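Here are a few exercises to work through with the model open beside you. Try each task before reading its solution.

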Amino acid sequence: MIPAPFAYDRVDSTDAALAALAEHGDDAKLLAGGHSLLPLMKLRLASPEVLVDVGRLSDLSYVRQDGDTIAIGALTRHRDLETSSELAEQVPILAHVAGQVGDPQVRHRGTIGGSVAHADPASDLPAVILALGGSFLVRSSERGDREIPATEFFTGFLESALEPDEMLIEIRVPAVPGAGWSFQKFNRRALDWAIVGVAAVSRNGSSGVGLVNMGSVPLLASGVTEALDQGGSIADAAEHAADGAEPQADMNATVEYRTHLAKVLVRRALEEASG
Amino acid sequence: MTATEPRTNESPAVTGTRLLRKEDPVLLTGEGRYTDDLQIPGALHMAVVRSPFAHARITSIDTAEAEASPGVVAVYTGADLADLWADQMPSAWPVTDDMVNPPHFPVTQDKARYVGDAVAVVLAESNVAARDAVDLVDVDYDPLPAVVDLEAALTDEVVIHEDAGTNKSYTWDLEIDEAAVTKAFDEAAHTVTGKFVQQRLLPMPMEPRAVACVPEPFGGGVTLYSATQIPHILKVMTAVTLGMSEADIRVVAPAVGGGFGSKLEVYAEELLCTALAHKLKRPVRWLEERSENAQATIHGRGQIQEIDLAADADGKVTGVRVRLLADMGAYLQLITPGIPLLGSFLYCGVYDVPAFSFTCTGVFTTMTPTDAYRGAGRPEATYAIERGMDLLAREVGVDPAEIRRRNYITTDQFPYTAVTGLEYDSGNHESGAEIALDLAGYDDLRAEQEQRRSEGGTKHLGIGMASYFEMCGLAPSRVLASLNYSAGGWESATVRMMPTGKVQVVSGATPHGQGHETSWSMIVADKLGVSPDDVEVLHSDTNISPHGLDTYGSRSLPVGGVAVALACDQVLDKAKQIAAHQMEASADDLEFSGGVFSVRGSPDKEMPMAAVAFEAFTAHDLPDDVEPNLTAQVTYDPPNFSWPFGTHVCVVEVDEETGAVEVRDYVAVDDCGTQINPMIVEGQVHGGIVQGLAQALFEEAVYDADGNLSAGSLAEYLVPAAPDVPTMRLGQSVTPSPTNSLGVKGVGEAGTIGAAPTVINAVVDALSHLGVTEMRMPASPLHIWEAIQAARGGDGDGLTAEQTTDTAGADRDAPSDSVQADQGGAS
């Protein structure tokens, strides 16, 4: 309940945040909505020496259309995604899933960038961005900007391709108006992380399927997509849901049950997305 | 000359109305003062160093670095504090003469016996400094094997308390007529056996524990503020444990944010703050962290139950046999050993059972001590008999509602002396069940179920019911004596009519969310003809209310509320004498209505209660033998328990593919007798149902094989929130209690008692055609899916112990729920 001592630096610009990261490197953590980091700190499972608070950088809170791409500022809160008319029209699955994160308090504080950068395999939004084929714009004061495809971003449990001096600036996903989609979140309480979650987006005869909590990182169910591309039925393709995945056992699921759930939920997601 | 308006003769009764709670404006606007809100200048903050091992010898403790940490005033180990204790921590319920109650002190010295056992305390100038220093206390542990399986604990392979030489605390038998039980089973046409696991639960009140002890400026006494349900009992026990005079200890429970039994306790931190404040002559305070609450506040349930039912060819129960193994945890807390015994009387449920035997063995484990948790023994008992009745229905081949109808104690049998010797004063089970079943649309549901089963599909409809008695109003002191309980069961109330006509009530009951201030005001309003707004209820401070036995066991209204009513009657009697004197009439000719005395036959003569109060205060003109002031003090010892009863019905949809349960409908009829405030009653029933449903579907304090509490945070310990619970529909049944003058019975635990078996009966019913006959609580999607797999993969005869697996608790729960029918098969 009482975190270990830390220094607190509230910055007023992205440049100042990047400068602080450049200065402190691994010793610093960015604080946005605080709904992943602060609980860890209170339990003393995380003890950063410096907290760089970017929570008030309003210029990183936006949803914009740029041609076929929807660009979302990293500090856009879940609640703003949930209620964005732009998203509702162009990427409705993202608005829907943002509305499934945690509870109203969490959604009013937590940000999409914070959720993505935390790289929790049990988080919903990374799997959706994977299913959409999205990417991330990141920036460092020294090396400038680079864009990382979502498929290359999540590198390990709570680990991402972000360098210690880099900050996630923008999330980019294709506009998919009219695409079929489904999000199957299976949990025991409404506010819990998914035991298993499945995001499916179907358009132009192909489907992207992202998996929540089926391993140490958010995953693409590539075996499912391959089976579909080879003309397999939804039911057959769903049997490949956990191909290559290494799900963990916990209090809510054995490996066997989690694998089974993934198959059931992928089938349901594909049926809904193609329906 | 009065400050209050008398209520008119036409005033309707206040009791029975949905008066908004007096307590709520303060609580809802954040003005409630909880223990940690108290501003106490100069207070030292205590933090506790806790064992990370379930079972370990403490080889050394180095406090030097912690002592040198900024702001730290002192660090104490168990050895440093040993001289402060006049006695070990209290366990007030020696259930047998040879019960093992091992040494238990606020800070352990030799060994840690559960994760969270206190090994040292830090005192510092701030809570932050204290918390930081906890990490600097260097304790060397020599880890020993954990004991987390109840049956393994009984083998004494690893003994937790070496001096005791055994992990067994006691075996307690309720042997009434063993020959009759044997005969019943010998002659039975049907027998069934159920083996059930009552998983450990975390009580999880909204407010964790908090303690602050302030030395008086002179005289050597202390004021102990604590988030407790039992300031009166705490005061006595603190005096005994510290060797202090009772006169030197004042206990105050400020606003308390829930307890559910977990604050019916004398805790190490209360004793530590008091002893250290007394020793150092400085206030000492402590606030529990949520993760500490999971480890160091008592847990509930923790039993393995075996129940055998014998029945004749029609399914009429002829005998019940119960064997319990009860998890004490590492030590005996205040009433740990008695909790399973409180349930012992209810294993025959609401049925007319002629033969019964019960035995319970309490066993130590290396887990957090268990103790009272909402219902305390009675939900467990009800679960066993109500699951058992469903098993019997299946065995006999009749509907679960029908098997119960054949066995209910009928209305004309009351008052009914049970085989246990207890007298059930009233009941109306068939009618209560009928109301609930009708409200749920039971017959239509069964038809829908049959239809859907014939059509196939992967979502299955299940209907479950349970009927129960709730043994409330703890308790007749003489009954407690027969159970070796070290206290009585009375309650105290003082009613004072002030010169202004306002009323002060001093109650020995100790509300922590129940709404006593509102309910007591309503009782007084009708008795004395005043507005409930003019009644002030004082409580929870042992200097203001010196006598009391506090709040637990659904006792406050049927004991404490009745005491208030009786005190009002005495005040009224005295007022009548004064009024008669003033109006020069005979007391026998006086009528009292709407707050006004009048003389029968003389309509012009009347005197409002407030005027009588003022006369009693001035004492200018009182009858010769009447003392000034209108005040009465009553201590009420109930002649019997109270016996609320009811029936719950639950309708679920179970998804065979995922194991998910959706509660489609929930209906409850809880007959708690006369309702003082139906809104408060409904709130209690709603909350109770949610807590029972939580045991059935969500919650478990899972331990791993090493004795670590895996479900130690609110991310893993699944307390359901509003979106996770169904809308509850309540049916009405009111059978006033003949045992007390208010006709009330108590309502705090009823929902919890009924809900768990109702929900599990529904889940099992949904899957019965797939061969599932038993379901381990909580009926999580995982447990359900595995039960279906086991039923499919097995011989179709349901689950066996080996087939049900439990992920994290696998090692502990070797005897997973299983059932076998002795005759005829269960399928």
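**Exercise 1. Describe the side of chain B that touches chain A in this predicted model.**

Solution. Start with the count: 24 residues of chain B are in contact with 16 residues of chain A. Next, ask which elements of chain B give two or more residues to that side: they are α4 (127-134), α9 (290-296) and α21 (781-793). Finally, sort the residues on this side of chain B by character, which yields 12 nonpolar, six polar and six charged.

**Exercise 2. Work out how strand β11 (residues 249-252) of chain B is placed.**

Solution. Begin with the directions of the side chains. In a regular strand they alternate between the two faces of the sheet. Here, Ile249(B) and Val251(B) point one way, while Arg250(B) and Val252(B) point the other way. Then check burial: all of these residues are buried, the cut-off being 20 or more other C-beta atoms within 10 Å.

Now look for the partner strand. β11(B) pairs with strand β10 (residues 222-226) of chain B in the parallel sense, over four bridges. One position to inspect is Thr223(B), whose bridge partner in β11(B) is Arg250(B). To finish, add the connection: together with helix α7 (residues 231-242) of chain B, strands β10(B) and β11(B) form a right-handed β-α-β unit.

**Exercise 3. Locate the largest nonpolar core and explore the surroundings of Val763(B).**

Solution. As background, nonpolar side chains in soluble globular proteins tend to be buried together. The largest nonpolar core in this model has 349 residues, and Met46(B), Val122(B), Val524(B) and Val763(B) have the most contacts inside it. Helix α17 (residues 556-582) of chain B gives the most to this core, with 15 residues.

Now step out from Val763(B), leaving aside neighbours within four places in sequence. Its contacts are Gly462(B), Val652(B), Val654(B), Val661(B), Met775(B), Ala779(B) and Ile784(B).

**Exercise 4. Why can chain B be called as compact as a globular protein of its length?**

Solution. First, take stock of the secondary structure: chain B has 21 helices and 29 strands. Its radius of gyration is 28 Å, close to the 28 Å that the globule rule gives for 827 residues, so chain B is as compact as a globular protein of that length. Along the principal axes, the C-alpha trace of chain B spans about 90 × 70 × 50 Å. For burial, 60% of the 827 residues in chain B count as buried. Last come the contacts in chain B between residues at least 6 apart in sequence: 80% of them join residues at least 24 apart.

Note on methods:
Residues are numbered from 1 along each chain as its sequence is written. Chains are lettered from A and ligands numbered from 1 in the order in which they are written. Two residues are in contact if their C-beta atoms, placed from the backbone, lie within 7 Å. Ala, Val, Leu, Ile, Met, Phe, Trp, Tyr, Cys and Pro count as nonpolar, Asp, Glu, Lys and Arg as charged, and the others, Gly among them, as polar. A residue is buried if 20 or more other C-beta atoms lie within 10 Å of its own, exposed if 12 or fewer, and partly exposed in between; C-beta atoms are placed from the backbone. Two strands pair if DSSP finds at least two bridges between them. A crossover is right-handed if, with the strands pointing away from the viewer, the path from the first strand over the helix to the second runs clockwise. A nonpolar core is a set of buried Ala, Val, Leu, Ile, Met, Phe, Trp, Tyr and Cys residues joined through C-beta atoms within 7 Å. The radius of gyration is taken over C-alpha atoms; the globule rule is 2.2 Å times the number of residues to the power 0.38.
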